[in-house]
Amino acid sequence: MYPNQLENLIFALQRLPGVGAKTAERYAFTILDWDAEKRKDLIASLNGIDQIQHCEICGNLSSGKICSICENHNRNQNIICVVSYPKDIVAIENMQSYEGVYHVLNGLINTSKGILPDMLNINALLKRINEETEEVILAVDPTIEGETTALYLEKLLQGHVKVSKLAHGIPVGGHLDYADARTLAKAFEGRSSNEK
Ligand SMILES: [Zn+2]
């Protein structure tokens with residue numbers, strides 16, 4: 001039996017994906033061996049997580065009410081790129097060529113898992129779209145869930161705004177955040193649209 005504090009740490013670490021009892025124990029002992037400074041960094045970064053919230057406008061992760069992209073008026077607020085998760089924004093930002101803003105659905109429609117459109121950040125998207133909106137780019141993974149979600153949004157937005165979809169290039173079943181910047185940039189350039 002280890003001291004309670006250590007048992008608690010092992011138990012908490014086991015909640016991480018792919019971490020079993022043995023690995024959790026190894027991690028806990030590693031942390032135990034760290035010097036005070038290193039441990040303080042870990043504690044501070046874990047405490048900092050509490051301040052992370054979803055941007056009120058786009059749903060991206062943010063340390064304030066509005067994320068840095070929505071706050072940046074050098075970006076074209078009238079071009080909205082719809083992605084499924086915040087990590088996709090990181091992939092698209094890595095291209096260094098997209099100047100519009102984003103909208104994060106925070107999920108994809110998956111009826112077999114019970115994830116329905118009303119559970120996604122779609123209402124906020126509808127509220128954002130107005131006469132000044134030039135284009136909505138659907139940049140979701142080319143998976144079944146991604147295609148289902150894109151189709152749903154296309155139908156929903158048809159007649160209201162120009163909707164475009166990324167060109168192929170990202171392998172079917174692949175994920176945006178694994179695509180390299182060049183592939184992603186090509187998919188953006190070659191996007192096809194339905195005029196409103
Ligand atoms: Zn935002």
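Hi everyone, this is a short tour of one protein model, from its zinc site to its salt bridges, surface and loops.

A word on the ground rules. This is a predicted model, in which local features need pLDDT of at least 70, side-chain atom pairs count only at pLDDT 80 or more, and totals for chains, interfaces and linings use all residues. Residues are numbered from 1 along each chain as its sequence is written, and side-chain values use heavy atoms, with hydrogens and water left out.

Let's begin with the overall layout. The domain assignment gives domain 1, residues 4–51, and domain 2, residues 72–194; such bounds come from an automatic or database assignment. Measuring between C-alpha centres, domain 1 and domain 2 are 36 Å apart.

Now to the metal. Which residues hold the zinc ion? Its protein donors are the SG atoms of Cys55, Cys58, Cys67 and Cys70, lying 2.3 Å from the ion. By donors I mean N, O and S atoms within 2.8 Å of the metal, or 3.2 Å for Na, K and Ca; water is not among the atoms, so sites may look incomplete. Along the chain, the zinc donors follow the spacing C-x2-C-x8-C-x2-C. The angles among the four donor atoms run from 105 to 116°, and the site is tetrahedral. That label needs four donors with all angles between 85 and 135 degrees. Two of these donors, Cys58 and Cys67, are buried. Here is the scale I'll use throughout: buried is under 20% relative accessible area, exposed is over 50%, and partly exposed is in between, with a 1.4 Å probe and protein chains only.

Next, charged pairs. How many salt bridges does a search of the whole structure find? It finds five, where a salt bridge is a side-chain nitrogen of Lys or Arg within 4 Å of a carboxyl oxygen of Asp or Glu.

One of them joins Glu93 and Arg75, at 2.9 Å from N to O. Glu93 sits in helix α5 (residues 86–93) and Arg75 in the loop between α4 (68–71) and β3 (76–83), so this pair ties together parts 18 residues apart in sequence. The helices and strands I name are DSSP runs, numbered from the N terminus: helices are H or I with at least four residues, strands are E with at least two. As for surroundings, Arg75 is buried at 13% relative accessibility, while Glu93 is partly exposed at 27%.

Another salt bridge pairs Lys165 with Glu147, whose closest N and O atoms are 3.9 Å apart. This pair links distant parts of the chain, with Lys165 in strand β6 (residues 163–165) and Glu147 in helix α7 (residues 144–157), 18 residues apart. Lys165 also meets Glu154 in a salt bridge, at 3.7 Å from N to O. Glu154 is in helix α7 and Lys165 in strand β6, so that pair ties together parts eleven residues apart in sequence. Through shared partners, Glu147, Glu154 and Lys165 join into one network. Within this trio, Glu154 is buried at 17%, Lys165 is partly exposed at 25%, and Glu147 is partly exposed at 37%.

Let's move to the surface. Which residues make the nonpolar patch of about 370 Å²? They are Leu46, Ile49, Ile52 and Leu61. Patch members have over 30% relative accessible area and no salt bridge; like charges are joined within 9 Å, and nonpolar side chains (Val, Leu, Ile, Met, Phe, Trp, Tyr) within 5 Å. The areas come from the Shrake-Rupley method with a 1.4 Å probe, and for residues only the protein chains shown count as cover. Ile49 lies in the loop between α3 (36–48) and β1 (53–54), and is partly exposed at 47%.

Finally, a few spots to look at in the backbone. Gln96 is not a glycine, yet has a positive phi of about 60°. Gln96 is in the loop between α5 and β4 (100–104) and is exposed at 73%. Asn106 likewise has a positive phi, near 55°. You'll find Asn106 in the loop between β4 and α6 (123–128), partly exposed at 30%.

And one last stop: is Leu138 buried or exposed? Leu138, in strand β5 (residues 135–138), is buried, with a relative accessible area of 3%. Thanks for listening!

Note on methods:
Four donors count as tetrahedral if all angles lie between 85 and 135 degrees; four count as square planar and six as octahedral if opposite donors are over 155 degrees apart and all others between 65 and 115; anything else is irregular.
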